[in-house]
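Q: I'm new to this structure and would like to know what stands behind the terms used for it. Please show it, then take me through them.

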Amino acid sequence: MNQEYFTGIKTIAYEGPKTRNRLAFRHYNAEEVVGKKKMKDHLRFSMAYWHAMKNTSSDPFGGGTRQRPWDDGSSTVENARRVADAGFEFMQKLGLGFYCFHDRDVAPELGDLQASNDALDAVADHLRKLQRQTGIKLLWGTACLFAHPRYMQGAATSPSADVYAIAAAQVKHAMDVTHRLGGLGYTFWGGREGYATLLNTDMKRETGNLAHFLHMAVEYKKKIGFKGQFYIEPKPREPSTHQYDSDAAACLNFLREHDLLEHFKLNIETNHATLALHRVEHELAVAAGAGALGSIDANTGDELVGWDTDQFPTNVYMATQMTLQLLKMGGFKTGGLNFDAKVRRESYEPVDLFHAHIGGMDTFARGLKIAHRIIEDGELDRFVKTRYASFDNGIGKTVTTGKATFESLEKHALKLGPVLPASGRQEMLENLLNDYVL
Ligand code: XUL
Ligand code: CO
């Protein structure tokens with residue numbers, strides 16, 4: 001790498017919990033083995049290009065505050081290459097093995113589609129070079145189908161067929177580039193695929209068009225031989241009032257209804273789960289239950305603010321429950337833990353990006369170690385197994401094996417006296433979890 005952008009910051013090392021150095025890992029020790037895998041292979045941390053490199057920290061009440069000495073704000077390929085250099089320096093210094101991007105994060109959108117495609121190709125050549133030099137991989141690529149004014153009413157659900165066509169062309173090219181960069185996946189986040197009022201919306205037509213769009217993507221994937229995993233990322237609202245991919249269950253239903261399930265897995269994001277009034281571990285469990293947990297966008301919301309604040313995750317409790325779900329489903333295959341998170345507007349210096357990622361990585365390292373211990377000890381699993389034991393034999397087994405009928409259950413029920421299930425023991429289990437976490 002040529003010029004250094006994060007001057008004065010060395011490679012972040014593991015120094016253990018007692019270190020006083022704030023630019024060090026206390027818990028994330030990439031090479032340390034937990035169970036059967038190294039921490040770095042369990043967690044597969046990824047940088048979100050849009051938040052780490054491009055975001056200016058503007059909000060509805062004020063402009064950007066962030067110092068980004070690598071970005072002169074110009075819509076040039078030259079500037080895009082410089083941002084990429086800074087991004088790879090950052091990832092290397094943190095030991096991040098992966099990154100994710102939207103087409104318009106890495107390259108500028110220019111006057112027309114062809115010019116934008118050419119710019120993206122030129123930057124992709126540079127990204128490929130940087131990937132080769134550093135060994136950092138593309139976890140997934142995606143297309144930004146929500147920022148440009150043409151997408152104000154949706155992209156694959158736009159009422160305009162011309163907008164739909166441009167969106168398709170943009171995804172086609174973003175898939176080409178992702179493929180060329182050896183991307184392990186490609187994500188579809190709904191962006192503005194939703195609506196604000198039914199007064200102007202033909203929902204059936206919009207969702208039908210969306211299904212056609214995704215089928216075309218599947219077709220194109222086969223055509224170009226892209227072997228990466230497709231992901232859908234649920235989110236219930238913001239920017240639209242109603243988003244079609246509102247939560248994991250809605251996405252799974254949509255994919256099943258339109259014969260798409262075999263081609264997609266889900267990318268679950270914490271703050272999206274909470275916007276849908278779910279805990280993130282619920283969303284992870286729903287996805288995993290359908291064999292469709294693919295990847296995670298790790299962040300957190302603020303319980304006092306009702307929008308997608310995309311904060312860095314620092315809650316060890318939550319990280320423990322998330323990694324519990326991850327370990328139970330056997331870990332990531334193609335996916336990883338992408339920090340879809342941004343530093344606060346008040347934290348405007350480049351070094352804040354390091355503090356933020358170090359915190360997120362240490363939080364998940366702790367969560368991983370704790371979740372691993374919980375699984376090894378087995379007390380929690382034993383409780384849950386015992387709770388359902390009545391379905392392992394006797395009348396319960398006839399239910400489990402699908403042999404029971406209403407008549408056979410009635411025959412059994414008529415012989416029973418008063419019945420209550422055993423206590424759920426929620427408080428005892430919360431105490432148990434505390435014993436591991438603290
Ligand atoms: C938006 C969001 C996106 C997706 C990729 O809330 O999470 O950044 O992850 O388009
Ligand atoms: Co996301």
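Q: How do the residues lining the largest cavity divide by class, and what makes a residue nonpolar, polar or charged?
A: They split into five nonpolar, two polar and three charged. Ala, Val, Leu, Ile, Met, Phe, Trp, Tyr, Cys and Pro count as nonpolar, Asp, Glu, Lys and Arg as charged, and the others, Gly among them, as polar. So Trp70, Val343, Tyr348, Pro350 and Leu353 are the nonpolar ones, Gln67 and Ser347 are polar, and Arg66, Arg68 and Glu349 are charged.

Q: What kind of model is this, and how are things numbered?
A: It's a predicted model, where local features need pLDDT of at least 70 and side-chain atom pairs count only at pLDDT 80 or more, while totals for chains, interfaces and linings use all residues. Residues are numbered from 1 along each chain as written, chains are lettered from A and ligands numbered from 1 in the order written, and side-chain values use heavy atoms, leaving out hydrogens and water.

Q: Why is one space called a cavity and another a pocket?
A: On a 1 Å grid over the protein atoms alone, a cavity is a set of points where a 1.4 Å probe fits but cannot get out, whereas a pocket is an open set with protein on both sides within 12 Å along at least five of seven lines; lining residues have an atom within 4 Å of a point. The structure holds one cavity of 30 Å³ or more, and the largest cavity, at about 40 Å³, passes that mark. The second largest pocket contains about 750 Å³ of space. Among its 17 lining residues, Gln321, Leu380, Val384, Leu429 and Leu433 are the closest to its centre.

Q: How do you know which residues surround ligand 1?
A: A residue counts if one of its heavy atoms lies within 4 Å. Those that do include Trp50, His102, Glu233, Asp297 and Asp340. By class, the shell has three nonpolar, two polar and six charged residues.

Q: What makes the approach of Asp340 to ligand 1 a polar contact?
A: The cut-off is a pair of N or O atoms within 3.5 Å. An N or O atom of the Asp340 side chain is 2.8 Å from an oxygen atom of the ligand, so the pair qualifies. Asp297, at 2.9 Å, qualifies too, and so does Trp50, at 3.3 Å.

Q: What is unusual about the backbone at Glu238?
A: Glu238 isn't a glycine, yet its phi is positive, about 70°. A cis peptide bond, with omega about 10°, joins Glu238 to Pro239.

Key
Grid points are joined across faces, edges and corners, and a volume is the space filled by probe spheres set on the points. A polar contact is a pair of N or O atoms within 3.5 Å; within protein, one must be able to donate a hydrogen and the other to accept it, and residues adjacent in sequence count only if both atoms are side-chain atoms.
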